[in-house]
Amino acid sequence: DPTFSQEMLGKGIAIKPNKGRVVAPVDGEIAMIFETKHAVSMLTEQGAEILIHIGLDTVKLKGENFNSHVKAGDKVKAGDLLIEFDKEKISQAGYDTITPMVICNSFEYAQVNQTILGDIQELTSVIEIIK
C-alpha cells in the first residue's frame, strides 16, 4: 500500500498478526476509533500520535468482522484490548490482514526506528522514538 510504504502518514512498521486482536502498545488516550472499526489512533502520554490500521483496504468491509472495545477519549494502559477482528473471515473476503502501526507525528522526532524483525508477541517493543 503506497500510503504506508511511502510513509505518507509517518514512519512505522507493519505486523502480520497471528491473533485477531490489537492491544494498546503503550499507555495513552484513544484519539479516534474509525467508524468501520478497522483502525484506531491514540496519543501516548509522551505525545506520540499512533495509528494502528488493521489490514489493507479493509475499510471496504464497513466494520464487518471487527469489534471495537474502546471509544474516543478512553484512557488505556499498555496491553488493554482495543479491537478484535476475525482474521480468517477477513482473509477469505480477499483482504490482507497485515497491520501497519505508524507514528503520525514522526516529523516531530529526530528518529523513529524499527527495533525488531521477525516474530513478536503482544507488548514487544517494536519502535524506538528519539526526541
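These exercises work through a predicted model, from its core to its pocket and then to single residues.

**Exercise 1. The core**

Task: Find which residues have the most contacts inside the largest nonpolar core, and which strands supply it.

Solution:
- Step 1. The largest nonpolar core has 26 residues. L82 and I83 have the most contacts inside it.
- Step 2. Turn to the strands. At least two residues of this core come from each of β3 (28-33), β4 (39-44), β5 (49-53), β8 (81-85) and β9 (99-103).
- Step 3. β8 gives the most to this core, namely three residues.
- Step 4. List the contacts of L82, leaving aside neighbours within four places in sequence. They are V22, V23, A24, I30, V40, N67, S68, H69, V70 and V76.

**Exercise 2. V76 and K77**

Task: Decide whether V76 is buried or exposed, then do the same for K77.

Solution:
- Step 1. Place the residues. V76 is in strand β7 (residues 75-76), and K77 is in the loop between β7 and β8.
- Step 2. The relative accessible area of V76 is 5%. Buried means under 20%, so V76 is buried.
- Step 3. For K77 the relative accessible area is 49%. Exposed means over 50%, so K77 counts as partly exposed.
- Step 4. Compare contacts, not counting residues up to four places away in sequence. V76 touches A24, V26, D27, G28, I30, M42, V70 and L82. K77 touches A24, V26 and D27.
- Step 5. Check distances between C-alpha atoms. V76 and M42 are 34 residues apart in sequence and 9.2 Å apart in space. K77 and I98 are 21 residues apart along the chain, with 23 Å between them.

**Exercise 3. The pocket**

Task: Describe the lining of the largest pocket by residue type and by strand.

Solution:
- Step 1. The volume of the largest pocket is about 940 Å³.
- Step 2. It is lined by 38 residues, of which I15, M101, I120, T124 and V126 are the closest to its centre.
- Step 3. Sort the lining by type. There are 23 nonpolar residues, nine polar and six charged.
- Step 4. Sort by strand. β1 (11-15), β2 (21-23), β5, β9 and β11 (127-130) each supply at least two lining residues.

**Exercise 4. Two buried loop residues**

Task: Work out what N105 touches and what T58 touches.

Solution:
- Step 1. N105 sits in the loop between β9 and β10 (111-114). T58 sits in the loop between β5 and β6.
- Step 2. Check burial. N105 has a relative accessible area of 1% and is buried. T58 is buried too, with a relative accessible area of 1%.
- Step 3. Beyond four places in sequence, N105 touches G47, A48 and E49. The N105 side chain reaches the backbone oxygen of G47 at 3.0 Å.
- Step 4. With the same exclusion, T58 touches H38, H53, F66, I90, Y95 and D96.

**Exercise 5. Positive phi**

Task: State where N65 and L123 lie, and give the phi of each.

Solution:
- Step 1. N65 is in the loop between β5 and β6 (66-68). Phi of N65 is near 75 degrees.
- Step 2. L123 is in the loop between β10 and β11. Its phi is about 70 degrees.
- Step 3. Note the residue type. N65 has a positive phi without being a glycine, and L123 also has a positive phi although it is not a glycine.

Note on methods. Residues numbered from 1 in each chain as written. Predicted model: local features only at pLDDT ≥ 70, side-chain atom pairs only at ≥ 80, totals over all residues. Heavy atoms only, no water. Core = buried A, V, L, I, M, F, W, Y, C linked by side-chain atoms within 4.5 Å. Buried < 20%, exposed > 50% of the residue type's maximum accessible area, 1.4 Å probe, protein only. Helix = DSSP H or I, 4+ residues; strand = E, 2+ residues; numbered from the N terminus. Contact = heavy atoms within 4.5 Å. 1 Å grid on protein atoms, 1.4 Å probe; cavity = no way out; pocket = protein on both sides within 12 Å on 5 of 7 lines; lining within 4 Å. Points joined across faces, edges and corners; volume = space filled by probe spheres on them. Nonpolar A, V, L, I, M, F, W, Y, C, P; charged D, E, K, R; others polar. Polar contact = N/O pair within 3.5 Å; in protein donor to acceptor, adjacent residues only side chain to side chain.
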